[in-house]
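User: I'm new to this protein and would like a relaxed tour. Please start once we can both see it.

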Amino acid sequence: MMKGVLAGIVGIFLLAHPASAKPLSPLDVEAIGRLHNLSYDPINDLDDLLGHGRITARFQIFRFLHGTTASRSITIQYVAHTYMSEDHLIRLKLRARPDGIYQVCAKPDGEGLRCGETQ
(Lines give C-alpha, C1' and ligand atoms only; values in the text may rest on other atoms or scores of the structure.)
Protein backbone atom coordinates (compact mmCIF):
# COMPACT_ATOMS: atom_id res chain seq x y z
CA MET A 1 0.00 0.00 0.00
CA MET A 2 2.81 2.41 0.87
CA LYS A 3 4.31 1.93 -2.62
CA GLY A 4 0.96 2.90 -4.22
CA VAL A 5 0.62 5.99 -2.03
CA LEU A 6 4.18 7.06 -2.81
CA ALA A 7 3.64 6.53 -6.54
CA GLY A 8 0.46 8.63 -6.34
CA ILE A 9 2.28 11.46 -4.56
CA VAL A 10 5.12 11.41 -7.11
CA GLY A 11 2.56 11.34 -9.95
CA ILE A 12 0.69 14.33 -8.55
CA PHE A 13 3.95 16.28 -8.22
CA LEU A 14 4.98 15.38 -11.76
CA LEU A 15 1.65 16.36 -13.27
CA ALA A 16 1.25 19.52 -11.19
CA HIS A 17 4.81 20.80 -11.61
CA PRO A 18 4.86 24.04 -13.62
CA ALA A 19 6.47 24.22 -17.05
CA SER A 20 10.20 24.83 -17.18
CA ALA A 21 11.56 28.17 -16.00
CA LYS A 22 13.39 28.75 -19.30
CA PRO A 23 10.92 29.94 -21.95
CA LEU A 24 10.44 27.43 -24.73
CA SER A 25 10.41 28.25 -28.41
CA PRO A 26 7.08 28.06 -30.27
CA LEU A 27 8.72 25.11 -32.08
CA ASP A 28 9.00 23.12 -28.85
CA VAL A 29 6.59 20.84 -27.03
CA GLU A 30 6.77 19.89 -23.36
CA ALA A 31 4.57 16.99 -22.35
CA ILE A 32 4.02 14.22 -19.83
CA GLY A 33 3.42 10.71 -21.09
CA ARG A 34 4.60 7.13 -21.33
CA LEU A 35 7.25 5.66 -23.64
CA HIS A 36 7.22 2.48 -25.68
CA ASN A 37 10.74 1.89 -27.02
CA LEU A 38 10.88 0.52 -30.56
CA SER A 39 14.46 0.29 -31.82
CA TYR A 40 18.10 0.95 -30.96
CA ASP A 41 20.54 1.87 -33.74
CA PRO A 42 24.18 2.04 -32.58
CA ILE A 43 26.18 5.16 -33.31
CA ASN A 44 29.51 3.82 -34.50
CA ASP A 45 31.92 6.42 -33.17
CA LEU A 46 35.41 5.19 -32.27
CA ASP A 47 35.70 7.94 -29.63
CA ASP A 48 32.49 6.80 -27.87
CA LEU A 49 33.70 4.22 -25.36
CA LEU A 50 30.27 3.84 -23.71
CA GLY A 51 28.41 3.09 -26.91
CA HIS A 52 25.59 5.53 -27.56
CA GLY A 53 22.70 4.68 -29.82
CA ARG A 54 19.83 6.47 -31.54
CA ILE A 55 16.63 5.14 -29.97
CA THR A 56 13.23 5.40 -31.62
CA ALA A 57 10.12 5.17 -29.43
CA ARG A 58 6.39 5.94 -29.35
CA PHE A 59 5.39 8.57 -26.80
CA GLN A 60 1.80 8.47 -25.57
CA ILE A 61 1.02 11.99 -24.31
CA PHE A 62 -1.27 12.38 -21.32
CA ARG A 63 -0.77 16.11 -20.68
CA PHE A 64 0.71 19.03 -22.62
CA LEU A 65 2.67 21.62 -20.61
CA HIS A 66 3.74 23.71 -23.62
CA GLY A 67 2.68 23.50 -27.23
CA THR A 68 0.75 20.68 -28.83
CA THR A 69 1.04 17.94 -31.45
CA ALA A 70 -1.38 16.71 -34.12
CA SER A 71 -1.69 13.39 -32.26
CA ARG A 72 -1.31 12.26 -28.67
CA SER A 73 0.79 9.30 -29.86
CA ILE A 74 3.97 10.46 -31.59
CA THR A 75 7.27 8.97 -32.73
CA ILE A 76 10.28 10.33 -30.88
CA GLN A 77 14.05 9.80 -31.04
CA TYR A 78 16.70 10.25 -28.40
CA VAL A 79 20.39 9.42 -28.01
CA ALA A 80 21.40 7.32 -25.00
CA HIS A 81 23.39 4.33 -23.79
CA THR A 82 20.21 2.35 -23.18
CA TYR A 83 16.44 2.63 -23.29
CA MET A 84 14.51 5.04 -21.05
CA SER A 85 12.16 3.31 -18.63
CA GLU A 86 8.70 2.40 -19.91
CA ASP A 87 7.14 1.70 -16.52
CA HIS A 88 6.34 5.24 -15.37
CA LEU A 89 5.24 8.64 -16.65
CA ILE A 90 8.01 10.85 -17.98
CA ARG A 91 8.22 14.55 -18.76
CA LEU A 92 9.96 15.41 -22.03
CA LYS A 93 10.83 18.50 -24.00
CA LEU A 94 10.60 17.84 -27.72
CA ARG A 95 11.19 19.56 -31.03
CA ALA A 96 9.54 18.46 -34.29
CA ARG A 97 11.78 17.60 -37.21
CA PRO A 98 10.76 18.06 -40.87
CA ASP A 99 10.25 14.28 -41.18
CA GLY A 100 7.53 14.34 -38.48
CA ILE A 101 9.62 12.67 -35.77
CA TYR A 102 10.11 14.58 -32.52
CA GLN A 103 13.65 14.86 -31.13
CA VAL A 104 14.04 14.74 -27.34
CA CYS A 105 15.83 17.88 -26.16
CA ALA A 106 18.91 17.77 -23.98
CA LYS A 107 18.75 18.39 -20.25
CA PRO A 108 20.17 21.79 -19.23
CA ASP A 109 23.54 20.27 -18.30
CA GLY A 110 23.57 17.73 -21.16
CA GLU A 111 24.74 17.71 -24.73
CA GLY A 112 22.47 17.74 -27.74
CA LEU A 113 19.49 19.67 -29.06
CA ARG A 114 18.62 22.66 -26.88
CA CYS A 115 14.93 23.45 -26.60
CA GLY A 116 14.25 27.09 -25.90
CA GLU A 117 16.89 28.13 -28.39
CA THR A 118 16.14 28.70 -32.03
CA GLN A 119 18.35 26.44 -34.09
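User: Is arginine 63 buried, partly exposed or exposed?

Analyst: Heads-up: this is a predicted model, in which local features need a pLDDT of at least 70, side-chain atom pairs count only at pLDDT 80 or more, and totals for chains, interfaces and linings use all residues. Residues are numbered from 1 along each chain as its sequence is written, and side-chain values use heavy atoms, leaving out hydrogens and water. Arginine 63 lies in strand 2, where strands are DSSP runs of E (at least two residues) and helices are runs of H or I (at least four), numbered from the N terminus. Buried means under 20% relative accessible area, exposed means over 50% and partly exposed is in between, with a 1.4 Å probe and protein chains only, so at 35% arginine 63 is partly exposed.

User: And how far apart in space are arginine 63 and arginine 91?

Analyst: Along the sequence, 28 residues separate the two arginines. Going from C-alpha to C-alpha, arginine 63 and arginine 91 are apart by 9.3 Å.

User: Which elements does the chain have, and in what order do they run?

Analyst: The protein chain has one helix and five strands. Reading from the N terminus, the order is α-β-β-β-β-β.

User: In which element is the confidence lowest?

Analyst: The pLDDT is the predictor's confidence in each residue, from 0 to 100, and over the protein chain it averages 78, with 66% of the residues at 70 or more. Residues 1–21 fall below 50, though this stretch has 17 contacts in the model beyond near neighbours in sequence, a contact being heavy atoms within 4.5 Å. Strand 2 scores highest, at 94, while the lowest mean, 46, belongs to helix 1 (residues 2–16).

User: In what order do the strands of the barrel run?

Analyst: Two strands count as paired if DSSP finds at least two bridges between them. Strand 1 pairs in the antiparallel sense with strand 2 over 12 bridges and with strand 4 over six. Strands 2 and 3 are antiparallel too, with eight bridges, whereas strand 3 runs parallel to strand 5 (residues 102–104), with two. The result is a closed barrel of five strands with mixed pairing, in the order 1-2-3-5-4.

User: Which residue in strand 5 stands opposite isoleucine 76?

Analyst: Strand 3 and strand 5 run parallel and share two bridges. Opposite isoleucine 76, in strand 5, stands tyrosine 102.

User: Which residue takes a positive phi in the hairpin of strand 2 and strand 3?

Analyst: Strand 2 spans residues 53–66 and strand 3 spans residues 73–80, and glycine 53 has alanine 80 as its bridge partner. Six residues sit between the strands in this hairpin, and the one with a positive phi near 70° is glycine 67.

User: Is arginine 95 buried or exposed?

Analyst: Arginine 95 belongs to strand 4 (residues 90–96), and aspartate 28 stands opposite it. The side chains of these two are joined by a polar contact of 2.6 Å, meaning a pair of N or O atoms within 3.5 Å; within protein, one must be able to donate a hydrogen and the other to accept it, and residues adjacent in sequence count only if both atoms are side-chain atoms. Because its relative accessibility is 7%, arginine 95 counts as buried.

User: With which side chain does the side chain of asparagine 37 make a polar contact?

Analyst: Asparagine 37 is found in strand 1 and counts as buried because its relative accessibility is 11%. Leaving aside neighbours within four places in sequence, its contacts include Ile55, Tyr83 and Glu86. The polar contact is 2.6 Å, and the partner is tyrosine 78.

User: How many residues are in the largest nonpolar core?

Analyst: A nonpolar core is a set of buried Ala, Val, Leu, Ile, Met, Phe, Trp, Tyr and Cys residues joined through side-chain atoms within 4.5 Å. Among the members here that touch the most others are Leu35, Phe59, Ile76 and Leu92, and the residue count of this core is 16. The elements giving two or more residues to this core are strand 1 (28–42), strand 2, strand 3, strand 4 and strand 5. So the number you asked for is 16.

User: What share of the protein chain is made up of buried residues?

Analyst: The protein chain has 119 residues. Of these, the buried share is 30%.
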